[in-house]
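User: Hi! I am new to protein structures and would like to learn how to read one. Could you walk me through it?

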Amino acid sequence: MSEQRSKSDTTSWQGFSTRAVHAGYEPDPLTGAVNVPIYASSTFAQDGVGGMRSGFEYARTGNPTRRPLEANLAALENGHYGRAFSSGMAATDALLRASLRPGDHLVIPNDAYGGTFRLIDKVFTQWGIEYSVAAVSDVDAVREAIRPNTKLVWVETPTNPLLNVGDIEALSGVAHEAGAKIVVDNTFASPYLQQPLTLGADVVLHSTTKYIGGHSDVVGGALVCNDEELDASFAFLQNGAGGVPGPFDAFLTLRGIKTLALRMERHSDNAEKIVELLTGHPAVSSVIYPGSESHPSHAVAAKQMRRFGGMVSVRLKGGRQAALDLCARTEIFTLAESLGGVESLIEHPGAMTHASTAGSLLEVPDDLVRMSVGIEDAADLVGDIEQALA
Ligand SMILES: *Cc1c(COP(=O)(O)O)cnc(C)c1O
């Protein structure tokens, strides 16, 4: 197995953007290429039996395009170890298998990402895993949900699609008091806005499909941690179960990362403008955005986030039909699942991303619309929502 480490181990650069552009890679010594080549090779020649030239033997175990991505992801999260997966769900699956054994219990948010809930509820329960749900915004509720056999506290913040905010520092304390590990799904915030390892979390999980990739053109996932043993168990599952990204996917994700800071600033600027329009609008019953002072956990969000990101949810006075109408009438906002790309997207969680939660503890309100505010011109985006609500 390749143990090659690269430049990101020296996280001596303080600046996030400098790390985003440079960590994990130096110009290729042979050609001087300033970008990571796409190493489309499944196997690597050996100098004699077991004699690896550069730490690579087989591309499931390690690939020279994937490795710089992993080092870069670690640097972005201020962590020691990064592992890239073929999707956010593959990363979730690896983390659950590395952390839990039959008879173990975990606590998950009452509005966890639908796919996370589905994997735990439909697959892991078959292997003797138990779970309880609790609101991430309620530290006492999470503490009360913990049992003697709790091994993992799952946190998502902000959550999808209700944008609830959990206090990462306080929840880390609660998990550690109970001898459990805590993972934070940092997909909605991105490492530019929030760095859970520095607040006490054991593992950060990403769907790099979203803000990290940033262009809606690649699916991927990541796990970052500071614990060598835990990282070794992730690496074992990368190799042992094979949920790894191909070199082209790794290249695209790295390419997206270089502009992460710029994009997150623009996403946040534009989301603030949309929130301004929606706040007090006659068709709107409530605007949900962690950056709004009216958000119930605004103080916690302000404490742990640099800014508040590009996700805005809104509830409409006209109920389900008004929500569906808003989704149908936008022209720049594209009706689609997913989020975090440069283009603005709009969706109805109850009928789309979160349809699988209907009738469960995680059901979402049917007058809710979720927007992933892109990086287009703010005036055009505001105008689009304005006409769609008219
Ligand atoms: C999309 C998403 C996932 C799953 O990631 P995929 O890359 O789609 O497999 C997990 N958590 C959150 C918060 C997400 O938005």
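Analyst: Happy to! Let us begin with a definition: helices (H or I, at least four residues) and strands (E, at least two) are DSSP runs, numbered from the N terminus. Ser 338, for instance, is found in the loop between strand E10 (334–335) and strand E11 (345–347). This is a predicted model, in which local features need pLDDT of at least 70 and side-chain atom pairs count only at pLDDT 80 or more, while totals for chains, interfaces and linings use all residues. Residues are numbered from 1 along each chain as its sequence is written, and side-chain values use heavy atoms, with hydrogens and water left out.

User: How many helices and strands does the protein have?

Analyst: The protein has 13 helices and 12 strands.

User: What does the radius of gyration say about the protein?

Analyst: The radius of gyration is taken over C-alpha atoms, and the globule rule is 2.2 Å times the number of residues to the power 0.38. For 390 residues, a compact globule would have a value near 21 Å, and the protein agrees because its radius of gyration is 21 Å. Along its principal axes, the C-alpha trace spans about 75 × 50 × 35 Å.

User: Into which domains is the protein divided?

Analyst: Domain bounds come from an automatic or database domain assignment. Here that gives domain 1 (16–257) and domain 2 (261–389). The contact (heavy atoms within 4.5 Å) takes 39 residues from domain 1 and 40 residues from domain 2. The centres of the two domains, taken over C-alpha atoms, are separated by 26 Å.

User: What share of the residues counts as buried?

Analyst: Buried means under 20% relative accessible area, exposed over 50%, and partly exposed in between (1.4 Å probe, protein chains only). Of the 390 residues of the protein, 54% count as buried. Helix H9 (residues 247–257) offers a local case: Ala 250, Leu 252, Thr 253, Leu 254, Gly 256 and Ile 257 are buried there. Their cover includes helix H1 (16–22), helix H2 (66–76) and helix H10 (260–278).

User: Why does Ile 182 count as buried?

Analyst: Ile 182 counts as buried because its relative accessibility is 0%. This residue is found in strand E5 (residues 181–185). Leaving out residues up to four places away in sequence, Ile 182 touches several others, including Val 153, Leu 171 and Val 203. Ile 182 and Leu 152 are 30 residues apart in sequence, yet 5.7 Å apart in space, C-alpha to C-alpha.

User: Which backbone angles should I look at?

Analyst: Try phi and omega. Ser 216 has phi near 50 degrees, a positive value in a residue other than glycine. Ser 216 is found in the loop between strand E6 (203–207) and strand E7 (221–225), and at 43% relative accessibility it counts as partly exposed. Ser 338, which is not a glycine either, has a positive phi of about 75 degrees. Its relative accessibility is 27%, so Ser 338 counts as partly exposed.

User: And where is Pro 158 found?

Analyst: Pro 158 is found in the loop between strand E4 (150–156) and helix H6 (168–177). The peptide bond from Thr 157 to Pro 158 is cis, with omega near -10 degrees. Pro 161 is found in the loop between E4 and H6, and the bond from Asn 160 to Pro 161 is cis, with omega near 5 degrees.
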